[in-house]
Amino acid sequence: MSFDGFDLPGRNDECWCGSGKKYKKCHLDFDERLEELYLAGEEVPDHDLLKTAADIEGVKKSAEVNVGVLDYVTERIGPGVTTAQIDQWVHDYTVEHGAIPAPLNYEGFPNSVCTSANEVVCHGIPSPDEVLKEGDIINVDCSTIKDGYFSDSSRMFCIGEVSPEKQDLVMVTKEAVEEGLRAIKPWGHLGDIGAAVQKYANDHGYTVVREFGGHGIGLEFHEDPFVSFVTEAGTGPVLVPGLMFTIEPMINMGDQEIDMTDPNGWTVRTADGQPTAQWEVQLVITDDGYELLSW
């Protein structure tokens, strides 16, 4: 047994990770390090959150569809397109590639994708009445299930000629994600990522949404840990190799306060009506850094 109740094998038994190697030649030192960190008071992910090589390969196949969906949208989105059309593209492409749109019917969500335009922070519901026009910015958030494995990523799109202010918001948000990625060090802390994201956004005059963030993912749509982007460096769970999660800050042009009063129970907006942006990537921590899986 381990600190989290996980049944560890004997030294000469096959390792729990599925490598086929003896435990003493594979993850014994790894687990001893986890135990030491736990006893030192660190927040250490449970073993059931750590993805095996087989899990990672499964997620990659799911992510191939997820990235393909976003590439498909990229080629077609523009002025005059409705968000309902985007939803249909996403649904059809996903199903045709042997996968399932993860948002569809998830906790009652009615569509296959989230389309969040302009002041919509997240969870925008596609509609035939929402027609994209010149100057809009929109986040298209795709999530895919393939053979039981989950992938998740989103991109921002500038529709036609967009104001310099909106262009800057979209660009800085993408760069903030890249800053978060640069902050990753195996056996470092999850808070390092959020601190880097928030500093970059604040340094450029923007604010970061507190209530929503990234999440663990892989075997379920939403797993631990919650990935906040208003954290302090050196805090939070240890970035243990095998931990898989998303980086997806929601960055506002104005105040960080949000409005969650939409009667549909899903759509979140900025409280001041100012534009907001979000990019999302999915990754897994490796022995020497991270591997990007979906983007």
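**Figure 1. Arg 182 is exposed, with a relative accessible area of 55%, and pairs with Glu 179 in a salt bridge.** The structure shown here and in the legends below is a predicted model. The closest N and O atoms of the Glu 179 and Arg 182 side chains are 2.6 Å apart. Both residues belong to helix H4, which spans residues 164-182. They stand three residues apart, about one turn of the helix. Glu 179 counts as partly exposed, at 24% relative accessibility. Side chains of opposite charge can pair when their charged atoms come close. The structure holds twelve salt bridges, and further examples are given in Figures 2 and 3.

**Figure 2. A salt bridge joins Glu 223 and Lys 51.** The closest N and O atoms of this pair are 2.8 Å apart. Glu 223 lies in strand S8, whereas Lys 51 sits in the loop between helix H1 (28-39) and helix H2 (53-76), so the salt bridge ties together parts of the chain that are 172 residues apart in sequence. Both partners are buried: Glu 223 has a relative accessible area of 12%, and Lys 51 has a relative accessibility of 7%.

**Figure 3. Glu 57, Lys 60 and Glu 291 are linked in a network of salt bridges.** Within this network, the side chains of Glu 291 and Lys 60 meet at an N to O distance of 2.8 Å. Glu 291 is in strand S15 and Lys 60 is in helix H2, and the two are 231 residues apart, so that the pair links distant parts of the chain. Glu 291 is partly exposed, with a relative accessible area of 30%. Lys 60 also counts as partly exposed, at 24% relative accessibility.

**Figure 4. Tyr 290, Leu 292 and Trp 295 form a nonpolar patch on the surface.** Together the three residues have about 270 Å² of accessible area. Leu 292 belongs to strand S15, which covers residues 289-294. The relative accessible area of Leu 292 is 32%, and the residue is therefore classed as partly exposed.

**Figure 5. Ser 154 is a buried residue in its strand.** The strand is S5, residues 149-158. Ser 154 has a relative accessible area of 1%. The side chain of Ser 154 makes a polar contact with the side chain of Asn 139, at 3.0 Å. Leaving aside neighbours within four places in sequence, Ser 154 is in contact with Leu 70, Asn 139, Val 140, Asp 141, Gln 278, Trp 279 and Glu 280. The C-alpha atom of Gly 191, 37 residues away along the chain, is separated from that of Ser 154 by 22 Å.

**Figure 6. Two cysteines, Cys 15 and Cys 158, are shown in a structure that holds zero disulfides.** A disulfide is a covalent bond between the sulfur atoms of two cysteines. For Cys 15, which is in no disulfide, the nearest cysteine sulfur is that of Cys 26, 3.7 Å away. The cut-off for a disulfide is a pair of cysteine sulfur atoms within 2.5 Å. Cys 15 counts as buried, at 4% relative accessibility. The sulfur of Cys 158 is 17 Å from the closest cysteine sulfur, that of Cys 142, and this is too far for a bond. Cys 158 is partly exposed, with a relative accessible area of 38%.

**Figure 7. Glu 107 and Asp 147 have positive phi values.** Phi of Glu 107 is near 50°, a positive value in a residue other than glycine. Glu 107 is found in the loop between strand S1 (100-101) and strand S2 (114-117). With a relative accessible area of 64%, Glu 107 is exposed. For Asp 147, phi is likewise near 50°, and this residue too is other than glycine. Asp 147 lies in the loop between strand S4 (137-146) and S5. Asp 147 is exposed, with a relative accessible area of 64%.

**Figure 8. A cis peptide bond joins Asp 224 and Pro 225.** Omega for this bond is about 0°. Pro 225 is found in strand S8, which runs over residues 223-227. Strand S8 also contains Glu 223, the salt-bridge partner of Lys 51 shown in Figure 2.

How values were computed. Residues numbered from 1 in each chain as written. Predicted model: local features only at pLDDT ≥ 70, side-chain atom pairs only at ≥ 80, totals over all residues. Heavy atoms only, no water. Helix = DSSP H or I, 4+ residues; strand = E, 2+ residues; numbered from the N terminus. Buried < 20%, exposed > 50% of the residue type's maximum accessible area, 1.4 Å probe, protein only. Contact = heavy atoms within 4.5 Å. Polar contact = N/O pair within 3.5 Å; in protein donor to acceptor, adjacent residues only side chain to side chain. Patch = residues over 30% accessible without salt bridge, like charges linked within 9 Å, V, L, I, M, F, W, Y side chains within 5 Å. Areas by Shrake-Rupley, 256 points an atom, 1.4 Å probe, with all protein chains shown as cover. Salt bridge = Lys/Arg side-chain N within 4 Å of Asp/Glu carboxyl O.
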